Amino acid sequence: MTEDFSPLPTSYRAIQQATIDQGFTMASDLATGSFLKTLAGSKPKGRFLEMGTGTGLSTSWILDGMDQNSSLVSIDFDDQFLSIAREFLGNDPRLELELIDGEKWVESNAGQRFDYIFADTWHGKYLLLDEVLEMLKVGGLYIVDDMLPQANWPDGHAEKAERFIQKLESTPFLHLTKLNWSTGIIVATRKF
Ligand SMILES: C[S@@+](CC[C@H](N)C(=O)[O-])C[C@H]1O[C@@H](n2cnc3c(N)ncnc32)[C@H](O)[C@@H]1O
């Protein structure tokens with residue numbers, strides 16, 4: 001089996017070029033993008049949340065998997081990165097891009113519920129995990145990547161990642177699968 005992630009989202013190459021020009025290096029890889037798209041297809045009429053838009057590369061994959069009756073809220077606190085997502089994806093009426101700090105967004109949106117959460121920044125992963133998992137509907141998908149040791153991890157991050165995985169494992173309402181693939185993906189569904 002060859003690793004073939006085509007077709008790429010329509011805007012992917014253009015966003016990728018702008019991402020390189022901007023010097024943004026934190027984007028999810030193609031394997032994760034393809035996986036995000038496939039999982040997104042399982043939630044017709046879904047409410048989607050992405051924490052950590054970056055320049056919109058993973059956003060483009062999620063949008064590609066969503067049906068026309070779904071909606072995606074994606075947040076980031078960096079306007080330089082977010083403006084790239086806005087330029088290439090901002091015309092999609094299903095997408096709401098929000099320039100806001102993760103903590104502030106979680107505090108202001110605690111009552112919202114989502115079918116699918118891709119947690120790709122501090123909040124919803126290493127910070128405010130309980131609060132963000134509370135926003136996941138029963139049957140909903142929670143996804144994180146970068147769980148295998150990465151070259152750019154600072155000192156102490158490996159321990160932080162291990163504590164995060166243990167916390168997920170001990171969350172009684174989650175079914176969890178840890179994939180030793182791509183950058184290390186964890187996918188969970190909410191049982192109750
Ligand atoms: C791993 S990158 C996201 C990559 C993107 N999801 C992708 O795959 O293309 C993490 C993002 O989190 C954002 N971020 C970091 N701290 C944040 C905070 N406190 N609130 C909101 N966003 C934050 C950064 O600006 C960065 O764009």
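The second largest pocket is lined by five nonpolar, three polar and two charged residues. The model is predicted. This pocket holds about 180 Å³ of space. Part of its lining comes from the start of the chain: Met-1, Thr-2, Glu-3, Asp-4, Phe-5 and Ser-6. Ala-31, Ser-34, Phe-35 and Trp-181 complete the lining.

Ser-6 leads on to an unusual backbone feature. A cis peptide bond joins Ser-6 to Pro-7, with omega about 0°. Most peptide bonds are trans. Pro-7 sits in the segment before helix H1 (12-22).

Next comes the largest pocket. Its volume is about 810 Å³. Its lining counts 33 residues, and the closest to the centre are Met-26, Asp-120, Thr-121, Trp-122 and Asp-146. Which elements give two or more residues to this lining? They are helix H3 (57-65) and strand S2 (71-76). By class, the lining of the largest pocket divides into twelve nonpolar, 15 polar and six charged residues.

Now turn to the sheet. Seven strands form it, in the order S3-S2-S1-S4-S5-S7-S6. The sheet is open and its pairing is mixed. Strand S3 (95-99) and strand S6 (174-179) are the edge strands, each pairing on one side only. On average, neighbouring strands are turned by 15° against each other, direction ignored.

Strand S4 has S1 and S5 as its neighbours in the order. S1 and S4 run parallel and are joined by four bridges. Across this pairing, Phe-48 stands opposite Tyr-116 in S4. Leu-49 stands opposite Ile-117 in S4. On the other pairing, S4 and strand S5 (residues 136-144) also run parallel, again with four bridges. Here Tyr-116 stands opposite Leu-141 in S5. Tyr-116 thus has a partner in S1, namely Phe-48, and another in S5, namely Leu-141.

In a regular strand the side chains alternate between the two faces of the sheet. Is S4 enclosed or open to the outside? Six of its six residues are buried, so S4 is largely enclosed by the rest of the structure. Buried here means under 20% relative accessible area.

Helix H4 (residues 79-89) has a buried side too. Phe-81, Leu-82, Ile-84, Ala-85 and Leu-89 are its buried residues. They cover an arc of only 150° around the axis, so they lie on the same side of H4. The face turned away from that side carries Gln-80 and Glu-87, both exposed.

Two loops deserve a look for their backbone angles. Most residues other than glycine have a negative phi. Lys-45 has a positive one, near 55°. Lys-45 lies in the loop between helix H2 (30-40) and strand S1 (47-51). Where does its relative accessibility place Lys-45, buried or exposed? At 63%, Lys-45 counts as exposed, because the cut-off for exposed is over 50%.

Leu-128 also has a positive phi, near 55°. Its place is the loop between strand S4 (114-119) and helix H6 (129-134). Leu-128 has a relative accessible area of 27%, so this residue is partly exposed. That value falls between the cut-offs, under 20% for buried and over 50% for exposed.

Key: Residues are numbered from 1 along each chain as its sequence is written. This is a predicted model: local features need pLDDT of at least 70, side-chain atom pairs count only at pLDDT 80 or more; totals for chains, interfaces and linings use all residues. Side-chain values use heavy atoms; hydrogens and water are left out. On a 1 Å grid over the protein atoms alone, a cavity is a set of points where a 1.4 Å probe fits but cannot get out, and a pocket is an open set with protein on both sides within 12 Å along at least five of seven lines; lining residues have an atom within 4 Å of a point. Grid points are joined across faces, edges and corners, and a volume is the space filled by probe spheres set on the points. Ala, Val, Leu, Ile, Met, Phe, Trp, Tyr, Cys and Pro count as nonpolar, Asp, Glu, Lys and Arg as charged, and the others, Gly among them, as polar. Buried means under 20% relative accessible area, exposed over 50%, partly exposed in between (1.4 Å probe, protein chains only). Two strands pair if DSSP finds at least two bridges between them. Axes are lines fitted to C-alpha atoms, for helices over the stretch in contact, and angles run from 0 to 180 degrees between N-to-C directions. The arc is that of the directions from the helix axis to the C-beta atoms.
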